[in-house]
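Please take a moment to look over the sequence and the model before reading on. The paragraphs that follow go through the structure step by step, beginning with a term that will be needed several times.

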Amino acid sequence: MKQTLGHMIVRLRKEKGMTQVELAEKLGVTDKAVSKWKRDLNYPDIGTIPQLAEILNVSVDELLQGKSNTPNNTNIVNLILKSIALAMGIAIVVLLTMNQIEVTNAISMLAIGLICLTLNEFNWWCFISAIL
């Protein structure tokens, strides 16, 4: 699937666990410039593209074409996290309707689902690397 350059930069930057400010510092540009790139309001200078590709660990071609040949395990993990959260929500509703679960267990299941959604929304790999 083809992505805009801005979306590609955002996705790859997040996969690296980098903030806009950190990327800007590495490239010697302002964080406002990086912000404009992500919103496709502006584009990196042609001389910045090779350095940007190197920092994001993709080829210039991959970056400019809007697709990455590197496997994206984060998509699979994010899908799993969303699936767990959805399954917990459905299980809670069904089991409560059938009076087959205690409220404390339902709250525990709800907490698991919310944790999965939180990890999915934020840079879950930052949490994991902090634990390790």
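A residue is called buried when its relative accessible area is under 20%, exposed when that value is over 50%, and partly exposed when it falls in between. With these limits in hand, consider Glu-15, which has a relative accessibility of 25% and therefore counts as partly exposed. Arg-11, in contrast, has a relative accessible area of 18%, so Arg-11 is buried. The side chains of these two residues meet in a salt bridge, with 2.7 Å from N to O, and the structure holds 1 salt bridge. Both residues belong to helix α1, which covers residues 5–15, and because they are 4 residues apart there, about one helical turn separates them.

Before going further, it should be said that the model is a predicted one, and that the confidence of the prediction is given by a score called pLDDT, which runs from 0 to 100. The protein chain has an average pLDDT of 85, and 84% of the residues score at least 70. Confidence is highest in helix α2, residues 20–27, with a mean of 95, whereas it is lowest in helix α8, residues 124–131, with a mean of 56. Where pLDDT is low, the predicted coordinates should not be read in detail.

What kinds of elements make up the chain, helices or strands? The protein chain contains 8 helices and 0 strands, so that, read from the N terminus, the order of its elements is α-α-α-α-α-α-α-α. The chain has 132 residues, and buried residues make up 32% of them.

Helix α7 lets us check the geometry of a helix with simple arithmetic. Helix α7 has 19 residues, 103–121, and at 1.5 Å a residue it should span 27 Å, which agrees with the 27 Å between its end C-alpha atoms. Which residues of α7 are buried? They are Ala-106, Met-109, Gly-113, Cys-116 and Asn-120. These buried residues cover an arc of only 85° around the axis, and therefore they lie on the same side of α7. The other side of α7 carries exposed residues, namely Val-103, Thr-104, Ile-107, Ile-115 and Glu-121.

From here we can turn to helix α6 and to a feature of the surface. Ile-76, Ile-80, Ile-84 and Ile-112 form a nonpolar patch on the surface, and together they have about 330 Å² of accessible area. Helix α6, which covers residues 73–97, gives the most to this nonpolar patch, with 3 residues. One member of the patch, Ile-84, is found in helix α6, and with a relative accessible area of 31% it counts as partly exposed. Ile-84 also shows how sequence and space can be compared, since Ile-84 and Leu-117 are 33 residues apart in sequence while their C-alpha atoms are 8.7 Å apart in space.

A second pair can be read in the same careful way. The C-alpha atoms of Gly-66 and Met-8 are separated by 6.0 Å, although these residues are 58 residues apart along the chain. Gly-66 lies in the loop between α5, residues 60–65, and α6, and because its relative accessibility is 1%, Gly-66 counts as buried.

Two further loop residues deserve a look at their backbone angles. Most residues other than glycine have a negative phi. Asp-40, however, has a phi near 55°, which is a positive value in a residue other than glycine. Asp-40 is found in the loop between α3, residues 31–38, and α4, residues 49–56, and with a relative accessible area of 22% Asp-40 is partly exposed. Asn-99 likewise has a positive phi, of about 55°, although it is not a glycine. Is Asn-99, which lies in the loop between α6 and α7, buried or exposed? Its relative accessible area is 68%, and therefore Asn-99 is exposed.

Key
Residues numbered from 1 in each chain as written. Predicted model: local features only at pLDDT ≥ 70, side-chain atom pairs only at ≥ 80, totals over all residues. Heavy atoms only, no water. Helix = DSSP H or I, 4+ residues; strand = E, 2+ residues; numbered from the N terminus. Expected span 1.5 Å × (residues − 1). Buried < 20%, exposed > 50% of the residue type's maximum accessible area, 1.4 Å probe, protein only. Arc of directions from axis to C-beta. Patch = residues over 30% accessible without salt bridge, like charges linked within 9 Å, V, L, I, M, F, W, Y side chains within 5 Å. Areas by Shrake-Rupley, 256 points an atom, 1.4 Å probe, with all protein chains shown as cover. Salt bridge = Lys/Arg side-chain N within 4 Å of Asp/Glu carboxyl O.
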